[in-house]
Amino acid sequence: MISYKDLGLVNTREMFKKAIEGGYAIPAFNFNNMEQMQAIISACVECSSPVILQVSSGARNYANQTLLRYMAQGAVEFAKEMGKNIPIVLHLDHGNSFELCKSCIDMGFSSVMIDGSHLPYDENVALTKKVVDYAHQFDVTVEGELGVLAGVEDEVSSEVAHYTRPEEVIDFVSKTGVDSLAISIGTSHGANKFKPEQCTRNADGILVPPPLRFDILAEIEKQIPGFPIVLHGSSSVPQEYVKIINTHGGALKDAVGIPEEELRKAAKSAVCKINIDSDGRLAMTAMVRKIFVDNPAEFDPRKYLGPAREELKKLYMHKCVNVLGSAGTVE
């Protein structure tokens with residue numbers, strides 16, 4: 001058993017409390033490798049933002065759980081070396097079983113998500129409570145989920161979205177003891193979040209997705225005032241990256257994301273954690289593709305992963321400053 005506290009990590013409890021009081025959201029950035037972690041930490045240190053290092057089960061398998069633990073510990077030391085001891089959480093994204101959550105807790109994660117949203121309601125409650133009961137013994141925080149997001153990302157996949165039912169949230173939170181709740185109000189996983197027929201076109205001919213269901217969010221806030229709410233599938237799919245990818249050999253079709261102004265509005269509510277994964281993938285892929293086309297003789301990974309890392313850092317600083325409002329919240 002490895003305690004996250006020995007790695008210098010924190011759980012989400014105090015972090016979320018401050019975010020709700022301050023009207024901002026904590027960035028939850030997914031990572032799989034060293035360059036992504038460097039970009040996340042350097043961006044958040046430079047703009048004085050707390051951060052959640054988020055790992056899917058696929059990323060954990062890809063990176064190796066032992067290496068991940070030391071990478072998280074390294075992230076804490078890297079931040080200190082850069083001059084700021086920002087709060088850092090290591091979080092399991094979309095854990096799909098008690099066994100996976102337990103393994104992550106035992107290996108030093110400070111927060112886990114158990115996603116039983118695909119199960120019948122009572123089974124979701126039972127599974128979530130089982131994870132909470134285990135996690136809380138070690139002061140690890142737990143995120144549950146009600147409602148189902150459409151889209152595909154790593155092992156998470158659903159063709160149809162089911163909005164969260166506000167009438168279920170009090171019962172779910174009280175029976176499970178979760179520390180935060182992921183809800184479905186119209187966000188979606190992946191880069192291809194919406195079909196063109198679901199969108200309208202603005203004056204510039206750009207596809208605009210249907211607006212988020214802020215009415216559902218408001219009703220949930222009424223039911224559980226001040227309780228930490230999480231938005232998954234919140235990448236905005238910057239069209240400049242889509243364009244770079246597609247003009248340098250890529251084939252991204254109908255890639256549409258969540259407008260950043262809607263995420264900023266959500267961050268001012270009880271939404272205190274916003275997950276962003278696809279935008280980071282697009283930023284890195286855009287730079288790597290561009291370099292491969294512009295410099296076809298290049299074979300040094302540092303020469304294409306380095307610029308990709310810098311672009312990712314720039315993107316994440318923009319998210320913290322202009323979208324989530326988390327910049328400048330760490331002294």
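These notebook entries record what I looked up in the structure, which is a predicted model.

**Entry 1. Nonpolar cores**

I began with the buried nonpolar residues. The largest nonpolar core comprises 91 residues. I noted the members with the most contacts inside this core: Phe31, Ile41, Leu53, Ile88, Val112, Leu181 and Ile229. I then asked which helix gives the most to this core. I found that helix H12, spanning residues 301-324, holds that place with eight residues. Apart from the largest core lies another, of nine residues, and I recorded Met15, Tyr24, Ile52 and Cys272 among them.

**Entry 2. Surroundings of leucine 181**

I selected Leu181 from the residues with the most contacts inside the largest core and listed what it touches, leaving out residues up to four places away in sequence. Leucine 181 is in contact with Gly144, Glu145 and Leu146, and also with Val169, Phe172 and Val173. The list continues with Ile224, Phe227, Pro228, Ile229 and Val230. Of these, Ile229 is itself named among the residues with the most contacts inside the core.

**Entry 3. Aromatic pairs**

I counted five aromatic pairs. I examined the pair of phenylalanine 98 and tyrosine 134, which is edge-to-face, with 5.9 Å centre to centre and 80° between the planes. Where do the two residues lie? Phenylalanine 98 belongs to helix H5 (residues 98-106) and tyrosine 134 to helix H6 (residues 121-135), so the pair ties together parts that are 36 residues apart in sequence. I recorded both phenylalanine 98 and tyrosine 134 as buried. Ring pairs also bring in Phe138, giving a cluster of Phe98, Tyr134 and Phe138.

**Entry 4. Charges over rings**

I returned to phenylalanine 98 and found the charged end of lysine 130 over its ring, 4.5 Å from the centre. I noted another such arrangement at phenylalanine 214, where lysine 265 lies over the face of the ring at 4.1 Å from the ring centre.

**Entry 5. Cysteines**

I looked for disulfides and the count came to zero. For cysteine 47, the nearest cysteine sulfur is that of cysteine 320, 4.1 Å away, and cysteine 47 is in no disulfide. Its relative accessibility is 9%, so I classed cysteine 47 as buried, the cut-off being under 20%. Why does cysteine 104 form no bond with the closest cysteine sulfur? The sulfur in question, in cysteine 101, is 6.7 Å from that of cysteine 104, which is too far for a bond; a disulfide requires the sulfur atoms to be within 2.5 Å. I recorded cysteine 104 as buried too, at a relative accessible area of 0%.

Key:
Residues numbered from 1 in each chain as written. Predicted model: local features only at pLDDT ≥ 70, side-chain atom pairs only at ≥ 80, totals over all residues. Heavy atoms only, no water. Core = buried A, V, L, I, M, F, W, Y, C linked by side-chain atoms within 4.5 Å. Buried < 20%, exposed > 50% of the residue type's maximum accessible area, 1.4 Å probe, protein only. Helix = DSSP H or I, 4+ residues; strand = E, 2+ residues; numbered from the N terminus. Contact = heavy atoms within 4.5 Å. Phe/Tyr/Trp six-rings, centres within 6.5 Å; stacked < 30°, edge-to-face > 60°. Lys NZ or Arg CZ within 6 Å of the ring centre and 35° of its normal.
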